[in-house]
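Colleague: I would like a close look at one part of this model. Please pick a helix, and tell me what holds it in its surroundings.

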Amino acid sequence: MAAYEQTPVENHRTSVTQHQNTADTRRVELLSARDVPLGGPRAMTVRRTLPQRERSLVGAWCFADHYGPDDVTASGGMDVAPHPHIGLQTASWLFNGEIEHRDSLGTHAMVRPGELNLMTAGHGISHSEVSTPDTTVLRGIQLWIALPDAHRDVAPAFRHHAPATITLDGGEARVFLGTLAGDTSPVPTYSPLLGAELVLEPGAHTTLAVDPAFEHGVLVDEGAVRVEDTLVPNAELGYLAPGGDTITLTNDASGPARLLLLGGAPFGEEIVMWWNFIGRSHEDIVAARTEWEAGAERFGTVSDYPGNRLPAPELPNSRLKARGNRSPR
């Protein structure tokens, strides 16, 4: 999905709350979402938890848009015209509905619940995303992964993976990137990462072994989940700094809870993120925008989309600044 806004900015300030837990649990930082209306032929509002000024990344995860449940019969669904990306990977994950993906590599694939579609933009790619006619409710999360400087100009690629469902103490999980609970995704990554969907049964209390070198984010899709001793409400993200080798999750509610567990080694690089581009300098972004507007070969062409591609918005008058994470407190 495009981060297509009429006036995109590098990062936005949203509410961040620090929670100091008991001596036996870890500090959890709450990152609240902000509503973002996406442009294009059909307006769609998403809830964005990454990036923001206080925290640009969790590992290499640098962007998270949470959307739905969207009644497609009323809203018209998703229709994102061809748009470009550089310097990142897009990870599409659905809970309900179906989205048709087309890209400039010639890929024609469906995004379905519980299945990962991972698109590597690298040096440059373009793609479109349209919800299918049979979709009545659309719900999911669009994620971006920043590529390390050594790999940000790799050739574009596309990978699909349908992870198996594994049983947890008090729930189940699908591991789409990295390793969790003894299951490892076969999809390679350019930096150490974890991505998994977890569903917790009512009253479940489970402790998961995790890599202590990773920082982690818990993004709640349904219900509310206690991460350590901190309640993370629906659509918010609970952040945990590196250092712990377990994460404890609790669902105190009478219904199931669903979340994404994201993790990765601290990225250690500053990035410039603007519109659908990730670079390392203002000049990187200017060059990519100029090439997209000129129809350069770098981004290729998306076939069989019934409409025009998205134009790039105007750049701000000031220089775009590189940003990274502040040090954990």
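Modeller: What follows is a walk along helix α2, its contacts and its salt bridges, with a short look at other parts of the chain. Keep in mind that this is a predicted model.

Start with the helix itself. Helix α2 covers residues 282–293. Its length checks out. At 1.5 Å a residue, the 12 residues of α2 should span 16 Å, and the end C-alpha atoms lie 17 Å apart, which agrees.

Next, which residues of α2 are buried? They are His282, Ile285, Ala288, Arg289 and Trp292. Look at where they point. They cover an arc of only 135° around the axis, so they sit on the same side of α2. What do these buried residues pack against? Their partners are four strands: β6 (79–85), β11 (125–131), β26 (272–274) and β27 (277–279). Just after the helix comes Gly295, with a positive phi of about 70°.

Now the charges. Side chains of opposite charge can pair when their charged atoms come close. Two such pairs involve α2.

Take Asp284 first. Asp284 forms a salt bridge with Arg152, and the closest N and O atoms are 3.3 Å apart. The partners come from distant parts of the chain. Asp284 belongs to α2, whereas Arg152 lies in the loop between β12 (137–146) and β13. They are 132 residues apart. How buried or exposed is each partner? Arg152 has 16% relative accessibility, under the 20% limit, so Arg152 counts as buried. Asp284, at 23%, counts as partly exposed because that value falls between 20% and 50%. This pair also belongs to a wider group. Asp149, Arg152, Glu269, Arg280 and Asp284 are linked in a network of salt bridges.

The second pair is Arg289 with Glu314. Their side chains meet in a salt bridge, 3.4 Å from N to O. Arg289 sits in α2, and Glu314 in the segment after α2, 25 residues apart. Here the two ends contrast. Arg289 is buried, with a relative accessible area of 13%. Glu314 is exposed, at 64% relative accessibility. Recall that Arg289 is also one of the buried residues of α2 listed above.

These pairs are part of a longer list. A search of the whole structure finds 18 salt bridges. One of the others joins two strands. Arg174 and Glu197 meet through their side chains, 3.3 Å from N to O. Arg174 lies in strand β15 (residues 171–177) and Glu197 in strand β18 (residues 193–200), so the pair ties together parts that are 23 residues apart in sequence. Arg174 is partly exposed, at 23% relative accessibility. Glu197 is buried, at 6%.

Finally, go back to the loop that holds Arg152. The strands on either side of that loop, β12 and β13, both belong to an open sheet of 7 strands. The order is β3-β4-β5-β12-β7-β10-β13, with antiparallel pairing. Strands β3 (34–38) and β13 (157–161) stand at the edges, each with a single partner strand, so one side of each has no neighbour in the sheet. On average, neighbouring strands are turned by 25° against each other, direction ignored. Within this sheet, strand β4 (residues 44–50) runs antiparallel to strand β5 (residues 61–71), and 3 bridges join them. Arg48 stands opposite Asp65 in β5.

Conventions:
Residues numbered from 1 in each chain as written. Predicted model: local features only at pLDDT ≥ 70, side-chain atom pairs only at ≥ 80, totals over all residues. Heavy atoms only, no water. Pairing = 2+ DSSP bridges. Axes fitted to C-alpha atoms, helices over the stretch in contact; angles between N-to-C directions. Salt bridge = Lys/Arg side-chain N within 4 Å of Asp/Glu carboxyl O. Buried < 20%, exposed > 50% of the residue type's maximum accessible area, 1.4 Å probe, protein only. Expected span 1.5 Å × (residues − 1). Arc of directions from axis to C-beta. Contact = heavy atoms within 4.5 Å.
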